[in-house]
Amino acid sequence: MAEKKYILLDERASVDTNFDKFKRFISRTFKSELFTGLWVVLREMLFTKSHTLKYPLQKIELDARYRGVHRLMRFIESENERCIGCGLCEKICVSNCIAMQTALDENGRKATLKYSINLGRCVYCGFCADVCPELAIVHGDRYEFASEQRAYFGMKDDFLTKDKDLSEQTEFEGYGSLPPNADVLVKQNPNAYLEEENLDETDEIPTASARALNLNAKEADEKANKESQDV
């Protein structure tokens, strides 16, 4: 039977005494990687500009497309509410956090009497703002809505633009509204292309008829010249 040969892989010295354990601790702890990390921290702290905001005295500036707490918009000219009470936002809400109650006002126009959103349940997906046909509900840039309760409801008066703040409201603001260059981004539908083709065809018809008239006049002149020569 052949003799088995074993290869010793761990050739480190055995640690038996407390002094040997201490030396192993020092060798494992104080390596070059430790001082490299400390130097990076000191360099960023002492020699570079700090990016930390002194909250709440300083607050980060968020983009208008940020999906924060909802806002109910008004018309700037008439100061009327944009909401027509269609209920699309309530129907499309994936978390069922929107509730509204509508009725006809004295002018026979559908008005929204009550409107509430459970901000603790809302997932801020933006579907309500996307589906709104009147740009009545958009997402604002307010992100401070911490609450001690799981259910945190916001009512209509909390979201609706105040009369004193209406002068500061812009027409294109918040997620769900149209950007300023919305007209440029609109793409034509197939019917528009068909209309252009029909217009081109109508422009070609007078040209073809004019060519036919010119050809008939030329043939008539040639016939008249031939008859005069025969005479």
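# Paired strands and cysteine sites in a predicted model

Q: What makes S3 and S5 count as a pair of strands?

A: In this predicted model, strand S3 (residues 110-118) and S5 are joined in the antiparallel sense over three bridges. A pairing requires at least two bridges, so the three bridges between S3 and S5 satisfy the requirement. In one of these matches, Ser-116 has Met-155 in S5 as its bridge partner.

Q: Why are strand S2 (98-104) and strand S5 (153-155) called edge strands?

A: Three strands form an open sheet in the order S2-S3-S5, with antiparallel pairing. Strand S2 and strand S5 each pair on one side only, and this is what the name edge strand expresses. From one strand to the next, the twist of this sheet averages 15°.

Q: How many helices and strands does the chain have, and what pattern do they follow along the sequence?

A: The chain has seven helices and five strands, and reading along the sequence gives the pattern α-α-β-α-β-β-α-β-β-α-α-α.

Q: Which residues does UniProt place under the "binding site" feature that includes Cys-83, and how do you know that they cluster in space?

A: The unreviewed UniProt entry places this feature at Cys-83, Cys-86, Cys-89 and Cys-132. Although these positions are spread over 50 residues of sequence, the largest C-alpha distance among them is 10.5 Å, and on that basis they cluster in space. Cys-83, Cys-86, Cys-89 and Cys-132 also belong to the lining of the largest cavity.

Q: Why is Cys-83 called buried?

A: Cys-83 has a relative accessibility of 19%, and because buried means under 20%, Cys-83 falls on the buried side of that cut-off. Cys-83 is located in the loop between strand S1 (70-72) and helix H3 (88-92). Apart from its neighbours within four places in sequence, Cys-83 is in contact with Met-100, Arg-109, Thr-112 and Ala-136.

Q: Where is Cys-132 found, and why is it counted as buried?

A: Cys-132 sits in the loop between helix H4 (127-131) and strand S4 (137-139). Its relative accessible area is 15%, which is under the 20% cut-off, and therefore Cys-132 is buried.

Q: Which residues does UniProt list for the "binding site" that includes Cys-93, and what is the largest C-alpha distance among them?

A: For this feature the unreviewed entry in UniProt lists Cys-93, Cys-122, Cys-125 and Cys-128. They are spread over 36 residues of sequence, yet they cluster in space, with a largest C-alpha distance of 10.8 Å. The lining of the second largest cavity includes Cys-93, Cys-122, Cys-125 and Cys-128.

Q: What makes Cys-122 count as buried?

A: The relative accessibility of Cys-122 is 13%, and since buried means under 20%, Cys-122 meets that condition. Cys-122 lies in the loop between S3 and H4, and, leaving aside neighbours within four places in sequence, Cys-122 is in contact with His-70, Ser-95 and Cys-97.

Q: Why is Cys-128 called buried, and which residues does it touch?

A: Cys-128, which lies in helix H4, has a relative accessibility of 8%, a value under the 20% cut-off, and so Cys-128 counts as buried. Not counting residues up to four places away in sequence, Cys-128 touches His-70, Cys-89, Ile-92, Ile-98, Ile-137 and His-139.

Q: What percentage of the residues of the chain count as buried, and what supplies the area that the chain exposes?

A: Of the 231 residues of the chain, 20% count as buried. The chain exposes about 18,900 Å², of which carbon and sulfur atoms supply 55%.

Note on methods:
Residues are numbered from 1 along each chain as its sequence is written. This is a predicted model: local features need pLDDT of at least 70, side-chain atom pairs count only at pLDDT 80 or more; totals for chains, interfaces and linings use all residues. Side-chain values use heavy atoms; hydrogens and water are left out. UniProt positions are given in the numbering used here, feature names are shortened, and annotations may be inferred rather than shown by experiment. On a 1 Å grid over the protein atoms alone, a cavity is a set of points where a 1.4 Å probe fits but cannot get out, and a pocket is an open set with protein on both sides within 12 Å along at least five of seven lines; lining residues have an atom within 4 Å of a point. Helices (H or I, at least four residues) and strands (E, at least two) are DSSP runs, numbered from the N terminus. Buried means under 20% relative accessible area, exposed over 50%, partly exposed in between (1.4 Å probe, protein chains only). Contact means heavy atoms within 4.5 Å. Accessible areas come from the Shrake-Rupley method with a 1.4 Å probe; for residues, only the protein chains shown count as cover. Axes are lines fitted to C-alpha atoms, for helices over the stretch in contact, and angles run from 0 to 180 degrees between N-to-C directions.
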